[in-house]
Amino acid sequence: MEDNRLTPIEPYQGGQDRTENRAYAQGFAFDLPTGSDPQSIRRRVEALEMILERSMVLPGTNYRIGLDTIVGLVPVVGDIITAAMGSYIVWEARNLGLPKWKLWHMLGRVGFDTAVGAVPLVGDAFDVLYRSNTKNLRTIRKHLDKHHPETRVIDQ
């Protein structure tokens with residue numbers, strides 16, 4: 001039986017056929033489902049959270065940062081882009097049927113992250129420390145584990 005969980009980002013290996021898969025030709029590969037079932041949504045949200053919050057290591061430390069921190073360095077536009085990507089996670093949570101109060105709580109986290117992140121210098125330091133998308137993913141996982149236990153993934 002094949003494991004259909006989110007596959008990690010795999011760097012391009014020189015021996016693979018570049019014409020076979022365009023993602024490998026660009027250097028990275030993602031295996032993201034396009035379905036609307038809870039398991040597909042879970043995998044997409046987990047992948048987006050990983051990209052936004054934990055996709056690279058801060059040089060000289062062992063602290064992980066993501067696109068939320070990097071794009072947030074661009075004044076105004078960067079904060080709008082990261083708010084839109086965070087709002088996509090909330091939209092997927094709505095598609096899963098989370099209660100409205102949880103959706104409002106998740107939107108509050110994204111709004112708080114955006115508002116404080118827009119402040120010059122202080123907001124950039126705040127983006128490194130506050131991970132609204134990780135907290136929103138935790139809310140989605142709790143909902144899925146309770147209402148859709150077949151999507152549960154055992155972390156090793």
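**Exercise 1.** Find what joins the side chains of Glu46 and Arg141, and place both residues in the fold.

*Solution.* Step 1: Glu46 and Arg141 form a salt bridge, 3.2 Å from N to O. The criterion is a side-chain nitrogen of Lys or Arg within 4 Å of a carboxyl oxygen of Asp or Glu. Step 2: the pair links distant parts of the chain, with Glu46 in helix H2 and Arg141 in helix H7, 95 residues apart. Helices are DSSP runs of H or I, at least four residues, numbered from the N terminus. Step 3: Arg141 is partly exposed at 30% relative accessible area, while Glu46 is buried at 14%. Buried means under 20%, exposed over 50%, partly exposed in between (1.4 Å probe, protein chains only).

This is a predicted model: local features need pLDDT of at least 70, side-chain atom pairs count only at pLDDT 80 or more, and totals for chains, interfaces and linings use all residues. Residues are numbered from 1 along each chain as its sequence is written, and side-chain values use heavy atoms, without hydrogens and water.

**Exercise 2.** Extend the picture from Glu46 to Arg42 and the network.

*Solution.* Step 1: Glu46 also meets Arg42 in a salt bridge, 3.2 Å from N to O. Step 2: the two sit four residues apart in helix H2 (residues 38-53), so about one helical turn separates them. Step 3: Arg42 is buried, at 6% relative accessibility. Step 4: a network of salt bridges links Arg42, Glu46, Arg141 and Asp145.

**Exercise 3.** Determine whether Arg131 is buried or exposed, and look for a salt bridge.

*Solution.* Step 1: Arg131 lies in the loop between helix H6 (122-129) and helix H7 (132-147). Step 2: Arg131 is buried, yet has no salt bridge. Step 3: the nearest side chain of opposite charge, Glu53, is 4.5 Å away. Here Lys and Arg count as positive, Asp and Glu as negative; His and the chain ends are not counted.
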